[in-house]
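Dear colleague,

I am handing over the structure we spoke about, and I would be glad if you could look through it with the notes below at your side. Please open it first and read on afterwards.

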Amino acid sequence: MPIPAAYLLDLDGTLYVHGTAVPGAPEALARLRREGVPFRFVTNTTSRPRAALGARLRSLGFEAHDHEISTPVTAAAELLRERGITLAAPFLPEPSLEDLGGLALAGGVSGRPPGATPGAVLVGDLGERWTYALMQEAFEYLLEGALLVALSRDRYWRRGERLALDAGPFVAGLEYAASREALVAGKPSAAFFQAAVESLGLEPAVRNEVVMVGDDIWSDVRGAQEAGCGGWLVRTGKFREDVLRRSGVVPDRVIDSAAELAALATGAREGRDGGR
């Protein structure tokens, strides 16, 4: 595979794990900047707003600017604006509600009772805060005609030494109950990847040479491939060799960690066991 023209980089599990930067990852990104290799941070995280994600990256030693970060929350806000929906019920962590500027919020975790049926139900990662009452509330809005918007369909993420349920299982439950298919605002939505690629400002001829680097075989790798990008899998975060074998997904490359991007910044080709 040719050296990528640009990178889309996942955050949790790829650039940092357990709140600690992956060894060598900050230096790798610094080298990409020096060599003029463009990249964007592309995450399905809904627990923090974009500004807080930027601050976290900087605290871990990464040079990061807030406008370089694409999140499913900001993508969902744009999706609803395009559809003329102005009232939404958010089911995601409260800190990220600030990225839904321009939308009226009611129901869900907003703390405000809806005066009318929300036009959309936004489902993010509430983790252990999910309750039967919240699922029932979201279900009833869907029966009344609300649009179901999944901020991600990720199945699980790595929390400490365990794998923890992500938003995907709750989205699937609401889809099943309401006989409704969700629109996906974050990964693996092709529109989400394409918007990130367009933000890089590349010439059209090289846009298909952009590579997504992440630890999720479905959202990062397969999602990127279906959107016309390359998909590289890292052996950090929630990576599991047995899951890769069973998935049926074939990454364009498997690398030990994001630190390997430093060598690729200058076009160096590697013959290490970690690449495919």
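What follows describes the sheet and its helices, and then the salt bridges.

Please keep in mind throughout that this is a predicted model.

The sheet is a good place to begin. It is an open sheet of 6 strands, arranged in the order E5-E4-E1-E13-E14-E15, and the pairing is parallel. Strand E5 (69-70) and strand E15 (253-255) stand at the edges, and because each has a single partner strand, one side of each is left without a neighbour in the sheet. At the E5 edge, the partner is strand E4 (residues 39-42), which pairs with E5 in the parallel sense over 2 bridges, and here Phe 41 stands opposite Ile 69 of E5.

Two helices can be placed against these strands. Helix H1 (residues 25-34) lies across strand E1 (6-9) and E4, and runs at about 140° to E4. Helix H7 (residues 217-226) also packs on the sheet, where it touches strand E13 (210-214) and strand E14 (230-234), with a direction that makes about 160° with that of E14.

Turning to the charged side chains, the count comes to 13 salt bridges, and I describe some of them here.

Arg 33 and Glu 63 meet through their side chains in a salt bridge, at 3.6 Å from N to O. This pair links distant parts of the chain, since Arg 33 belongs to helix H1 while Glu 63 sits in the loop between helix H2 (50-59) and E5, 30 residues apart. Arg 33 counts as partly exposed, at 25% relative accessibility, and Glu 63 is likewise partly exposed, at 48%.

A second salt bridge joins the side chains of Glu 94 and Arg 129, at 2.5 Å from N to O. Glu 94 lies in the loop between strand E6 (87-91) and strand E7 (104-105), and Arg 129 in the loop between strand E8 (120-123) and helix H4 (132-143), so this pair ties together parts that are 35 residues apart in sequence. Glu 94 has a relative accessible area of 34% and is partly exposed, as is Arg 129 at 41%.

Within helix H8 (residues 241-247), Asp 242 and Arg 246 are 4 residues apart, about one turn of the helix, and their side chains form a salt bridge of 3.1 Å, N to O. Asp 242 is partly exposed, with a relative accessible area of 29%, whereas Arg 246 counts as exposed at 63%, because the cut-off for that class is over 50%.

Finally, Asp 10, Lys 187 and Asp 220 are joined into one network by salt bridges that share partners.

With best wishes

Note on methods: Residues are numbered from 1 along each chain as its sequence is written. This is a predicted model: local features need pLDDT of at least 70, side-chain atom pairs count only at pLDDT 80 or more; totals for chains, interfaces and linings use all residues. Side-chain values use heavy atoms; hydrogens and water are left out. Two strands pair if DSSP finds at least two bridges between them. Contact means heavy atoms within 4.5 Å. Axes are lines fitted to C-alpha atoms, for helices over the stretch in contact, and angles run from 0 to 180 degrees between N-to-C directions. A salt bridge is a side-chain nitrogen of Lys or Arg within 4 Å of a carboxyl oxygen of Asp or Glu. Buried means under 20% relative accessible area, exposed over 50%, partly exposed in between (1.4 Å probe, protein chains only).
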